[in-house]
Amino acid sequence: MPFIPHTSGDLSAMLKRIGAETLDDLFDEIPANLTMQAIPGAPEGMSESEISSLMHERAGTDGRPVCFMGAGAYDHFVPAAVWQLTTRGEFYSAYTPYQAEASQGTLQVIYEYQTMMASLTGLDISNASLYDGATAFAEACLMAVRANRKSTSRKILVPRTVHPYYREVAFNIIRGQNIELVDLPMLDGVTDVAALAEHAGQDFAAVVIQQPNFFGSLEQVDALTNWAHAEAALVIAVANPLALSVLEPPGEWGEAGADVACGEGQPLGVPMSSGGPFYGYMVCRKDIVRQMPGRIVGRTVDVDGKPGFTLTLQAREQHIRRSRATSNICTNQGLMVTASTIYMALLGNEGLRRVALASHENTRQLIEGLCAIHGITRAFTSPVFHEAVLLLDRPVAPVLDALAATGILGGVDLTEFYPELGNALLVCATENRTPKHIEQYVAAMTAVFTTEEVRQHG
Amino acid sequence: MVEPLIFEYHASGGRSFTVKAPEASDLPKQFLRKSKPALPAVSELQVVRHYTRLSQLNFSIDTHFYPLGSCTMKYNPKACNSLAMLPELLGRHPLAPDQFSQGTLECLYELQEMLQQATGMSGVSLTPMAGAQGELAGVAMIQAYHKTRNDHERNEIIVPDAAHGTNPATATMCGCKVVEIPTRADGDLDIDALKAAVGPKTAGIMLTNPSTLGVFERQIEEIASIVHAAGGLLYYDGANLNAILGRTSPGAMGFDVVHLNLHKTFSTPHGGGGPGSGAVGVGERLRPYLPIPLVIKTASGYSWAAEKDCPDSIGRLSAFMGNVGVLLRAYIYMRMLGGEGMRRVSEYAVLNANYIMVCLREAGFTIAFSERRASHEFIISVKKITRETGISAMDFAKALLDYGIHAPTTYFPLLVPECLLIEPTETESIQELDGFIEAMIAIRDKAYSDPEALKAAPLTMPVRRLDDVRAAKHPNLVWQPPDEQAI
């Protein structure tokens, strides 16, 4: 029997001890009319070799196209050590570290992770992670409303340059709590700082700033932060943690720094894996830590005075506080955090910086190559990190289809997200893209545009 | 702490970087960071040794037995991990076009179908990223249903006092009022209290069946008809599905919406606290509200259904499509088991639980709800031992660690004093179960002969009992270098 160790002898001995005749007797408290003899329509079981063939076949169908897509999930290189260590059974199959004495490995990893994230973001305290970047953003909005002591407002200013799915997810998660997300317009691919004047004196709990933003563009974080604080609003930073190895960290934005930073941890050693499991990170100023959702690990001592780690500040959480908890969240993405901690330890500052700068440089080269094609231009003039929006002189979808036919994922079509931009395409080239990949893309794009021209003019 | 922090290792020069240092960047200076983050600077071997050693400080299913009630800590088959980590699957971008996604989508589509069959529901969405997010989706769908019917007064969620903490927390998060109702002495719900609680404000009830008390709620049909008659809907918390898989289903019991913990019943790893996965299933009337995206099958193959196809959906709950890597592991597990194997899961899970319960009862332990059949888990109360010896449920938990057994769930459910909630799962052998029973008896005997020794437990772990009060009063949540200048 797959994964069940009992022999027939074990079964009869155990039933006898229990005083039951058959396994069916053990279910005698379920009303008979509710029971079923089998799961209707369920397939027959497969051996490991059969499922292995099936999965290889299915994976082969997906193939391995060359990826120039970003939009919140990035194709970075992950060194072998990261997942070999992470999938050790002692990490992979461990439970949540509630029994601290039997979980010092997981707890110390999280403590190290918290330290790394605090340092990377320039803020004081990190939690042990949330589900993903979008839900971390939703939780940050809730936290800001609770934490802002100078304002009772339930409104949050959210620029249109923030990832559209993040805005949608936040809306879906917090709508039950009467919190309003107010759109802030954009100009040249970044938040329109001049448009803030319109909102002066309107009382907001928080202002959101994504850096780099959804378009890859760099926001005027200092000006935005200072404006928000002058208006007694908190600042929620949504930042790509890899980019923070190079970019000004949220804790140093403006005069006082952002109050909460959150975002998607995936770029730090987590594979794209169709969008999950990823993890959301969240870091904040020390004085508002008790409003932070999620698990937190602290260092303490045991009865002999020996240092050790334990989950702490649990009075915020659902298993203690029930209906009055800071959030219903129970889980953290422990395994993904383990991978990221190992990734950051392996790469260090210098390694992370190189990955960030190489991604930036590859994207610069890609844009340069593509914009040399007649009919393709940059949508915005603002500087970018490792993603940029291109404007095409024709609809994006057929162009992407033509590229896909050559094995290239040419980017993310923004037509539906931002119809006002026209034929906009979001492209990204991480450090994982070689000069050859970039040449291949530019050549394929050139071919698409040339063929189209031939067809149109012929 | 037996292993230094990674930050305490000396900087070493033996590192290899994944990429060459690029030319000077053209990023404008105003955007750049001026300080350096305090990340370690160590060699690959130092990293490998450090994290290997840390892993060895953990209990895990691969190394230890976890009779951990309500958590279903069963074996995580290795094939599920290695096949879900095939390079094409790991490398798939979440927004990749359908022609590069048919393999993944077919697996997810079939998983939707299998979960639908196992729960007796008529639609499934795989997107919720954990049980608590599945709960949020479920309550949001219940709210959307009432709202569509212009039934705006329904904002109360009924929750039994034995419920998991996430149930009331979720209801609050959705803006609902929580109405708690008591459980009777026999472990079933207090039907009179339920009748008194329902009314025109009832949005729904959240139940686990078998309940967190480790017994099957026998009046479930009556409960369903009371709640439905009052205009409310029934929410099934799937935490305990392992007890009934293939025997009965939430659909048969009358539930309108369920969430499943794939990291419990369907054997995806707990990973030291996540990722989980909290797929939701619904009956016909809640189908329009399922969270997106869903996988659909058309003449031209598999594709996503999202905003355009599902206008009444409660929307997206994650940036992309939930925890696909976890979903694939659950899919592989279910395909290996098949229908028969899934039914065997509940049979042997319940067998193992009843076996331990009977053995401990014979050994003189007090079983809560002793007259009842155990489900896949059961509760013992050590209150009498605590009174006579001072040895508490917590002491039992810590002492078990010294026997190489993870502690059962303690002090939950809150209704039973000094309780241990014990769930062995189907993947443990009789030898392992007997070892646990012997350990419990030995600890009980020691409680009477040498209680001080038990209060000192655990003695064989990397650390002894930790000072939780100090941890909360003087939070040390981030490592500070001895010399601040070092940053």
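# Reasoning through a predicted two-chain model

Chain A contains 12 helices and 17 strands. The model is predicted.

Me: What are the spans of the C-alpha trace of chain A along its principal axes, and what share of its residues counts as buried?
Reply: The C-alpha trace of chain A spans about 85 × 60 × 50 Å along its principal axes. Of its 458 residues, 61% count as buried. Among contacts between residues at least 6 apart in the sequence of chain A, 76% join residues at least 24 apart.

Me: How many residues does each chain bring to the contact?
Reply: Chain A gives 162 residues and chain B gives 168 residues. On the side of chain A that touches chain B, the largest share, 20 residues, comes from α10(A). That side of chain A divides into 80 nonpolar, 53 polar and 29 charged residues.

Me: Why is α10(A) called roughly antiparallel to α1(B)?
Reply: The axes of α10 (residues 334-371) of chain A and α1 (residues 44-55) of chain B cross at roughly 155° and come within 9 Å. Angles over 145 degrees count as roughly antiparallel, and the pair α10(A) and α1(B) is therefore placed in that class. The crossing of these two helices, α10(A) and α1(B), is right-handed.

Me: Which residues meet where α10(A) and α1(B) touch?
Reply: From α10(A) come A:Ile342, A:Ala345 and A:Leu346, and they meet B:Glu44, B:Val47 and B:Tyr51 of α1(B). By class, this contact of α10(A) with α1(B) has 5 nonpolar, no polar and 1 charged residues.

Me: What makes α2(A) and α4(B) oblique to each other?
Reply: The axes of α2 (residues 48-62) of chain A and α4 (residues 102-119) of chain B cross at roughly 130° and come within 6 Å. Roughly antiparallel requires an angle over 145 degrees, and roughly perpendicular covers 65 to 115. The angle of roughly 130° fits neither class, so α2(A) and α4(B) are oblique.

Me: Which residues build the contact of α2(A) with α4(B)?
Reply: A:Arg58, A:Ala59, A:Gly60, A:Thr61 and A:Asp62 in α2(A) meet B:Gln102, B:Gly103, B:Thr104, B:Glu106 and B:Cys107 in α4(B). By class, the contact of α2(A) with α4(B) has 2 nonpolar, 5 polar and 3 charged residues.

Me: Why do β13 and β16 of chain A stand at the edges of their sheet?
Reply: The sheet is open, and its 4 strands follow the order β13-β14-β17-β16 in chain A with antiparallel pairing. β13 (376-378) and β16 (412-413) of chain A each have a single partner strand, so one side of each is left without a neighbour in the sheet. The antiparallel strands β13(A) and β14 (residues 387-392) of chain A are joined by 3 bridges. A:Thr377 stands opposite A:Leu391 in β14(A). Helix α10(A) packs on the sheet, touching β13, β14 and β17 (424-428) of chain A, and its direction makes about 135° with that of β13(A).

Me: How do you know that β10 and β11 of chain B pair?
Reply: Pairing requires at least two bridges, and β10 (residues 366-367) of chain B is linked to β11 (residues 378-381) of chain B over 2 bridges, in the antiparallel sense. B:Thr366 has B:Ser381 in β11(B) as its bridge partner. β11(B) also pairs with β13 (residues 419-422) of chain B, in the antiparallel sense over 4 bridges. There, B:Phe378 has B:Ile422 in β13(B) as its bridge partner.

Me: Why is B:His152 called exposed?
Reply: B:His152 has 9 other C-beta atoms within 10 Å, and a residue with 12 or fewer counts as exposed. B:His152 is therefore exposed. This residue, B:His152, is placed in the loop between α5 (131-148) and β2 (156-160) of chain B.

Me: Why are A:Ser273 and B:Thr72 called buried?
Reply: The class of buried residues begins at 20 other C-beta atoms within 10 Å. A:Ser273 has 26 and is therefore buried; B:Thr72 has 27 and is therefore buried. A:Ser273 is found in the loop between β9 (260-264) and β10 (280-284) of chain A, with a positive phi of about 40° although it is not a glycine. B:Thr72 lies in the loop between α1 and α2 (78-84) of chain B, with a positive phi of about 45°, and it is not a glycine either.

How values were computed:
Residues numbered from 1 in each chain as written. Chains lettered and ligands numbered in written order. Predicted model: local features only at pLDDT ≥ 70, side-chain atom pairs only at ≥ 80, totals over all residues. Contact = placed C-beta atoms within 7 Å. Axes fitted to C-alpha atoms, helices over the stretch in contact; angles between N-to-C directions. Parallel < 35°, antiparallel > 145°, perpendicular 65-115°, else oblique. Left-handed = near helix turned anticlockwise from the far one by under 90°. Nonpolar A, V, L, I, M, F, W, Y, C, P; charged D, E, K, R; others polar.
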